[in-house]
Amino acid sequence: MRRVVVIGVGVGDPDQLTFQGAAALAHADVLLTVEHRAAVEELEAPRRAIKDRHARADVREIAIADDERGRGAEAVAAWRARRAARFADALSTLQDGQTAAILAWGDPSLYDGTLAVLEDARAAPGVPPFDVEVIPGVSAPHALAARHGVVLTRTGRPVTILPGRLLQDGRAPEGDLVVMLDPACAFLTRPDHIIYWGAYINMPGELLISGRVGDVGEEIAATRARAKDERGWMFDTYLLRTPD
């Protein structure tokens, strides 16, 4: 049986790869590398360091191109179909008994599309059967909480993890929130909440700001805009807590 192992590599620091993930990578015959059209060296370098440190010298690397996703249901469906077809082509080259590894940012079981695209590829014609194993990594919410020295959940209170667009659209629930990727800085709509914000977590140039949104919100928005202009990309997340 062929095998695909999806390895969570954390959010930017190669040292956050778990021993389990390192061992799995060391035994992989093939490494599937997703290459984004607008690849950023700061994002490629940690993944390359992990490969050089832990993968076999003779690992066969297959690059999978991933183009930009458009807006709207039809554009997203077409983008997803192209991804699945490229993964299917790569997986078709696996020999019986071989293992392919995929390095996924953060924790692939929390906020990532790799598992979905593998299920799509599994159904493609000509793709031999394969098993999937997931090795968790350090997620952005966990790294954020650790860097701020706080706990994501408070006693007796839930926390909701959601994409920024739900807060932007006014569809976020009440209560404590962990928000992933919010280019609109929708936290500004909740000035009485407490925010723990972070960008480039566990990477050089990490940014951390916390406080009452009414006091630090504009500072976060300005810092975010300036950093994106300077570096050309932005990965951020934040914990938004209701006032006590």
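This briefing looks at one strand, its partners, and some rings and charges in the structure above. Keep in mind that the model is predicted. Strand S10 covers residues 236-241, and six of its six residues are buried, so the strand is largely enclosed by the rest of the structure. Just ahead of that strand in the numbering, Trp-233 sits in the loop between helix H7 and S10, and ring pairs tie it into a cluster with Tyr-200 and Phe-235.

**Strand S10 and its two faces**

- In a regular strand, side chains take turns pointing to one face of the sheet and then the other.
- For S10, one side carries Asp-236, Tyr-238 and Leu-240, and these are all buried.
- The other side carries Thr-237, Leu-239 and Arg-241, which are buried too, so both faces of the strand are covered.

**Who pairs with S10**

- Strand S7, made of residues 176-180, pairs with S10 in the antiparallel sense, over four bridges.
- Within that pairing, look for Leu-177, which stands opposite Leu-240 of S10.
- Strand S8, residues 194-199, also runs antiparallel to S10, and six bridges join the two.
- Here you can find Gly-198 standing opposite Thr-237 of S10.

**Aromatic rings**

- To describe a pair of aromatic rings, you give the distance between the centres and the angle between the planes.
- Searching the whole structure turns up three aromatic pairs.
- One of them is Tyr-200 with Trp-233: the ring centres are 4.9 Å apart and the planes meet at 75°, so this pair is edge-to-face.
- That pair links distant parts of the chain, since Tyr-200 is in the loop between S8 and strand S9 (207-212), while Trp-233 is in the loop between helix H7 (213-231) and S10, 33 residues apart.
- Trp-233 also pairs with Phe-235, with centres 5.2 Å apart and planes at 85°, so that pair is edge-to-face as well.

**Buried or partly exposed?**

- Tyr-200 has a relative accessibility of 1%, so it counts as buried.
- Trp-233 comes in at 5%, so it counts as buried as well.
- Phe-235 is partly exposed, with a relative accessible area of 42%.

**Charges over rings**

- Tyr-200 has another contact to look at: the charged end of Arg-231 sits over its ring, 3.7 Å from the centre.
- Elsewhere, Arg-122 lies over the face of Phe-130, at 4.5 Å from the ring centre.

Key:
Residues numbered from 1 in each chain as written. Predicted model: local features only at pLDDT ≥ 70, side-chain atom pairs only at ≥ 80, totals over all residues. Heavy atoms only, no water. Buried < 20%, exposed > 50% of the residue type's maximum accessible area, 1.4 Å probe, protein only. Pairing = 2+ DSSP bridges. Phe/Tyr/Trp six-rings, centres within 6.5 Å; stacked < 30°, edge-to-face > 60°. Lys NZ or Arg CZ within 6 Å of the ring centre and 35° of its normal.
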